[in-house]
Amino acid sequence: MTCCGWSECALEVGRLEGISGEAIMKALLLSKYRQLEVAEVPMPTMEAGEVLIRVGACGICGSDVHGYDGSSGRRIPPIVMGHEAAGRIADVGAGVTGLAEGDRVTFDSTIYCGECGYCKRGDVNLCDHRQVLGVSCGDYSRAGAFAEFVAVPARVVYKLPASVSFAEASMLEAVAVAIHAVSLAEITEESRALVVGAGTIGVLILQALQAAGCRQVFVSDVDSSRLKLAKDLGAEVLSANEDAVARVLQRTGGVGVDVAMEAVGRNETVNAAIASVRKGGTVVLVGNISQETTLPLQRVVTRQIRLQGSCASAGEYPQAIALMASGAIRVKPLITAIAPLGEGPQWFERLYAREPNLLKVVLTPGPVS
Ligand SMILES: NC(=O)c1ccc[n+]([C@@H]2O[C@H](COP(=O)([O-])OP(=O)(O)OC[C@H]3O[C@@H](n4cnc5c(N)ncnc54)[C@H](O)[C@@H]3O)[C@@H](O)[C@H]2O)c1
Ligand SMILES: [Zn+2]
Ligand SMILES: [Zn+2]
């Protein structure tokens, strides 16, 4: 059987985990950095305890775009990327209960073991054996969902209500990230918050803060089109090109916000978040573009500011599905395009080129509803 036609393709020599066997399917294969092609690859093998999902929709994540050119080191070719997906169960493996062929589902992009100390405590995002679907780094390689089919453990699968489309459901991973981050901020009805960055994650954090009852939410960004979206969703927006920190202080009577949610991950934005909170306030760090930033140590210590990291999600999927189904969290305004898998290479290039006004692009590998 041939795969992508590339003689050294690891799919053919069987190095990619989760893919083997005779039947073939179409997948968007990163065969080398900045080279994506729709290829015929072997169908995933479904192990005991797993389900096989016919993928209806899979979103392109910023981390896929950062992995695409090799800069993050987390998408070593050859790899089928894609971890923000939804679809219909095509088959269930031995020992799986509560799920059946035909069920509409989504799944956690973090494949946790369910057995280590962190998993047993419910901190599945911190699992010692954590693998992310569609990631290939030095430690592991796990085929993702830019493909007609993907196999995942049943323990990470969640059923979808009929009212939520697959394209919307492909955003549930990011919604769960936002809800998890907000859950670490201890929001009350008295809280005032600043979200730094109005990208996909920032705009979902805005909505998760509103759903948590937060009294007032400011959002800052350098991009006016992103700020318009945040404003349409009910935020008080501040241009980060001007002095957003000064304006947060001005609008909070010189006190600062109770909580700053950092959703960019750069030195200047982490420092803006720290400078915006009141004494005793909390900064939740979600953005992680930079490996390191500076820390205004004396400010953090003498104002007793809590710095709280937030990683992925840990059990927030049911809440994310409920908030999406009720309309409390809206993702349609974030979806720029829904396109067939075959258009994946062009969309990756457009996202990579940072074309203006692009937010979430969702690829649809198959004709499923
Ligand atoms: N911790 C987690 O679990 C987790 C999960 C997903 C994403 N992330 C991280 O969250 C961050 C945001 O992800 P995203 O998908 O929303 O990215 P994105 O690129 O869509 O959004 C980033 C936003 O930051 C804005 N920005 C850039 N410089 C700024 C500045 N100086 N001031 C204010 N805004 C500025 C950009 O205009 C953009 O709107 C990334 O660092 C990503 O890696 C973390
Ligand atoms: Zn992602
Ligand atoms: Zn574990």
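A residue is counted as buried when its relative accessible area is under 20%, and this criterion is applied here to a predicted model. In helix H5, which spans residues 172–183, the buried positions are Leu172, Glu173, Ala174, Val175, Ala176, Val177, Ala178, Ile179, His180, Ala181 and Val182. The helix is thus mostly covered, with eleven of its twelve residues buried. From the first C-alpha to the last, H5 reaches 16 Å, which is close to the 16 Å expected at 1.5 Å a residue.

Two zinc sites are described next. The zinc ion (ligand 3) is coordinated by the SG atoms of Cys113, Cys116, Cys119 and Cys127, at 2.3 to 2.4 Å, and these donor residues follow the spacing C-x2-C-x2-C-x7-C in sequence. The angles among the four donor atoms are 103 to 117°, and the site is tetrahedral; for four tetrahedral donors, the ideal angle at a metal is 109.5 degrees. Of the coordinating residues, cysteine 113 and cysteine 116 are both buried.

The zinc ion (ligand 2) has as its protein donors Cys61, through SG, and His83, through NE2, which lie 2.1 to 2.3 Å from the ion. This pair links distant parts of the chain, 22 residues apart: cysteine 61 belongs to the loop between strand S3 (50–59) and helix H2 (62–68), whereas histidine 83 is placed in the loop between strand S4 (79–80) and strand S5 (84–92). Both cysteine 61 and histidine 83 are buried.

Conventions
Residues are numbered from 1 along each chain as its sequence is written. Chains are lettered from A and ligands numbered from 1 in the order in which they are written. This is a predicted model: local features need pLDDT of at least 70, side-chain atom pairs count only at pLDDT 80 or more; totals for chains, interfaces and linings use all residues. Side-chain values use heavy atoms; hydrogens and water are left out. Helices (H or I, at least four residues) and strands (E, at least two) are DSSP runs, numbered from the N terminus. The expected span of a helix is 1.5 Å times one less than its number of residues. Buried means under 20% relative accessible area, exposed over 50%, partly exposed in between (1.4 Å probe, protein chains only). Donors are N, O and S atoms within 2.8 Å of the metal (3.2 Å for Na, K and Ca); water is not among the atoms, so sites may look incomplete. Four donors count as tetrahedral if all angles lie between 85 and 135 degrees; four count as square planar and six as octahedral if opposite donors are over 155 degrees apart and all others between 65 and 115; anything else is irregular.
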